[in-house]
Each structure stands twice: as structure tokens, then as C-alpha cells.
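Work through the exercises below with the sequence and the structure side by side. Try each task before reading its solution.

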Amino acid sequence: GKGAEAFIEAEKDCSLFLQSAGHLTKENANAIAEKVNKWPSLIPVSEEDVAAARGLLAEDYHDESVARVISNDVERTFKTEAVRARHRRFLMRLRGAFGDYAQSMSYVGGILLLGMPEAEAFAVMQVMNGNEKYIPGHWKASAVQYGTNAYVVFHYVKAEMADVAKHLEERSILPEMILQKYFQGLGVQNLPLRAALEYLEAFTRQGFDFLLQFILCLLRWLRAAILESPETDKVLALL
């Protein structure tokens with residue numbers, strides 16, 4: 001409705017939507033919001049989950065040790081102060097619930113809030129962060145579980161595409177260097193918005209299994225280009 005249109009008009013040039021490639025317009029605002037709004041039912045989150053999230057959002061939680069980090073991330077995500085203020089509060093409450101914080105939470109949360117109320121977005125992120133199907137342990141300042149999963153994925157890469165794995169290793173390109181935007185940021189930071197929305201929807205349906213299959217497919221598709229690129233920066237740009 002008017003709310004989605006007004007939000008998109010105000011924030012269409014913000015950092016979060018730099019990859020929108022013309023997909024984020026007032027004309028398709030409602031379609032985007034409706035798409036995002038169905039994700040809680042795909043995970044799914046229950047009414048009890050949403051009610052609990054609503055209670056956590058209402059708490060007066062603040063941690064000064066991460067306040068500056070969150071504020072800086074929010075400024076890199078949105079551009080209008082009204083939206084920034086809401087997002088700072090949202091992320092601080094997530095920090096309280098998770099006991100930790102990672103920059104990717106700002107971008108993923110920003111996308112979820114395109115089409116769902118705060119309590120639903122909060123509940124969705126809680127499930128993603130806590131359920132073994134998704135990415136528990138990935139949204140941490142020191143994300144050991146993310147690093148572990150990154151190396152597990154490259155076990156599969158070595159088994160299927162030993163030449164690609166060798167090419168990356170010879171250029172000191174470590175798994176955690178190339179998987180962060182896919183496994184923590186969930187594609188929001190590096191995929192065009194239309195593709196990022198499809199990526200997130202597939203993730204809500206299939207969880208970490210989708211992330212694994214996506215990376216293997218991506219490397220298969222880019223295999224020749226990777227092997228033909230001798231320079232580290234060009235390989236990283238491809239990925």
C-alpha cells in the first residue's frame with residue numbers, strides 16, 4: 001500500500017538498494033512487499049514466535065559496547081533518519097536476543113522489513129539464527145560456526161572441482177573470504193535485488209542446504225572464468 005510506496009520512495013537510493021538495478025520502484029512496491037511477507041509462513045514462524053518477538057522488541061535493552069557499531073552499520077544501510085532510528089532499535093533488540101551482533105544482520109533485517117512487520121522480521125531472524133536448518137552461529141562477531149561451514153563446503157568443492165579449489169588455494173583465497181556475503185549476508189549485499197529476493201526465498205524454504213547447492217552451482221558456472229583468471233582480485237570480483 002501507501003506505506004510500502006512511501007518507504008521505497010524515501011530509501012530507493014540508500015546503500016541497501018544500490019543493487020536494485022531498477023527493480024525497486026513505487027510501481028512494484030506492493031509486489032515486493034507481498035513476496036517478502038509470505039516468508040514467515042515458509043520457515044515457518046508461529047503466532048507464539050511473533051508474540052515473543054513483540055515482547056522482546058518492547059524491552060528497553062541497550063548495550064553501549066555495540067551501539068557505535070550498530071549505528072555505523074545502520075548509516076551504511078539506510079539514508080533517512082526516521083528509518084535509521086527504527087533500524088537501530090530493531091538491531092539492538094536483536095543483539096539482546098542473540099547475545100551477539102554481525103553487520104550482515106543490518107542488511108538482512110532491512111530486506112525483511114520491506115514486507116513484514118517488525119515482530120515477524122524479528123521472529124524470522126531468530127529462527128534463522130537458532131534453528132539447525134538455517135545458519136546458527138553465523139551472525140556473530142567471531143563466527144566460528146560460519147568458518148567451519150565454509151571449510152565444509154570447500155570439502156565438496158575439492159571433491160567435485162579439484163582444479164577450482166587448487167586455483168583458489170594458490171592465490172590464498174580462503175573459503176571464508178568468498179562465502180561471507182552468501183552465508184552471512186544471504187546474498188543481499190552482492191546480488192541484484194531481484195536475484196537477492198529469490199535467493200532469500202529459496203533459503204527460507206530449504207535452509208543451509210540451499211546455500212551449499214547455490215555455491216556449488218555458482219562455481220560450476222564460473223569454473224572456466226575462474227581458471228582463466230590469474231589475478232586474485234579478478235577471481236574475487238567474479239565471486
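Helices are DSSP runs of at least four residues, numbered from the N terminus. The model is predicted.

**Exercise 1.** Find where Lys79 is located, and state which residues Lys79 is in contact with beyond its neighbours within four places in sequence.

Solution.
Step 1. Lys79 is in the loop between helix H5 (64-77) and H6.
Step 2. The relative accessibility of Lys79 is 39%, and Lys79 therefore counts as partly exposed.
Step 3. With neighbours within four places in sequence set aside, the contacts of Lys79 are Ala10, Glu11, Asp13, Cys14 and Arg84.
Step 4. The C-alpha atoms of Lys79 and Ser15 are separated by 7.7 Å, while the two residues are 64 residues apart along the chain.

**Exercise 2.** Describe the backbone at Pro44, Ser172 and Leu186.

Solution.
Step 1. As background, most residues other than glycine have a negative phi, and most peptide bonds are trans.
Step 2. Pro44 sits in the loop between H3 and H4. The peptide bond that runs from Ile43 to Pro44 is cis, and its omega is near -10°.
Step 3. Ser172 is not a glycine, yet its phi is positive, at about 55°. Ser172 belongs to the loop between helix H10 (162-170) and helix H11 (175-183). With 53% relative accessibility, Ser172 counts as exposed.
Step 4. Leu186, also not a glycine, has a positive phi of about 55°. The loop between H11 and H12 holds Leu186. Leu186 has a relative accessible area of 0%, so Leu186 is buried.

**Exercise 3.** Place Leu186 within the largest nonpolar core.

Solution.
Step 1. The largest nonpolar core has 86 residues. Ile111, Trp139 and Leu186 are those with the most contacts inside it.
Step 2. H13 gives ten residues to this core, the most of any contributor.
Step 3. Beyond neighbours within four places in sequence, Leu186 is in contact with residues including Val108, Met128, Ile135 and Trp139. Also among the contacts of Leu186 are Lys181, Tyr199, Leu200, Phe203 and Leu211.
Step 4. In soluble globular proteins, nonpolar side chains tend to be buried together.

**Exercise 4.** Determine how H12 is set against H13 and which residues meet.

Solution.
Step 1. Helix H12 covers residues 193-206 and helix H13 covers residues 208-227. Their axes come within 6 Å and cross at roughly 130°.
Step 2. That angle makes H12 oblique to H13.
Step 3. From H12, the residues that meet H13 are Tyr199, Ala202, Phe203 and Gln206. On the H13 side they meet Phe208, Asp209, Phe210, Leu211 and Phe214.
Step 4. The residues of this contact divide into seven nonpolar, one polar and one charged.

**Exercise 5.** Give the span of H8 and identify what its buried residues pack against.

Solution.
Step 1. Helix H8 (residues 118-130) has 13 residues. From first C-alpha to last, H8 reaches 18 Å, close to the 18 Å expected at 1.5 Å a residue.
Step 2. Among the buried residues of H8 are Ala119, Phe122, Val124, Met128 and Asn129.
Step 3. The buried residues of H8 pack against helix H3 (39-42), helix H4 (47-58), helix H6 (81-98), helix H7 (104-112) and H12.

**Exercise 6.** Is Asn149 buried or exposed?

Solution.
Step 1. Asn149 has its place in helix H9 (residues 144-160).
Step 2. The cut-off for buried is under 20% relative accessible area. Asn149 has 16% relative accessibility and so counts as buried.
Step 3. Outside its neighbours within four places in sequence, Asn149 is in contact with His138, Phe183 and Phe208.

Terms used:
Residues are numbered from 1 along each chain as its sequence is written. This is a predicted model: local features need pLDDT of at least 70, side-chain atom pairs count only at pLDDT 80 or more; totals for chains, interfaces and linings use all residues. Side-chain values use heavy atoms; hydrogens and water are left out. Axes are lines fitted to C-alpha atoms, for helices over the stretch in contact, and angles run from 0 to 180 degrees between N-to-C directions. Helices (H or I, at least four residues) and strands (E, at least two) are DSSP runs, numbered from the N terminus. Angles under 35 degrees count as roughly parallel, over 145 as roughly antiparallel, 65 to 115 as roughly perpendicular and the rest as oblique. Contact means heavy atoms within 4.5 Å. Ala, Val, Leu, Ile, Met, Phe, Trp, Tyr, Cys and Pro count as nonpolar, Asp, Glu, Lys and Arg as charged, and the others, Gly among them, as polar. A nonpolar core is a set of buried Ala, Val, Leu, Ile, Met, Phe, Trp, Tyr and Cys residues joined through side-chain atoms within 4.5 Å. Buried means under 20% relative accessible area, exposed over 50%, partly exposed in between (1.4 Å probe, protein chains only). The expected span of a helix is 1.5 Å times one less than its number of residues.
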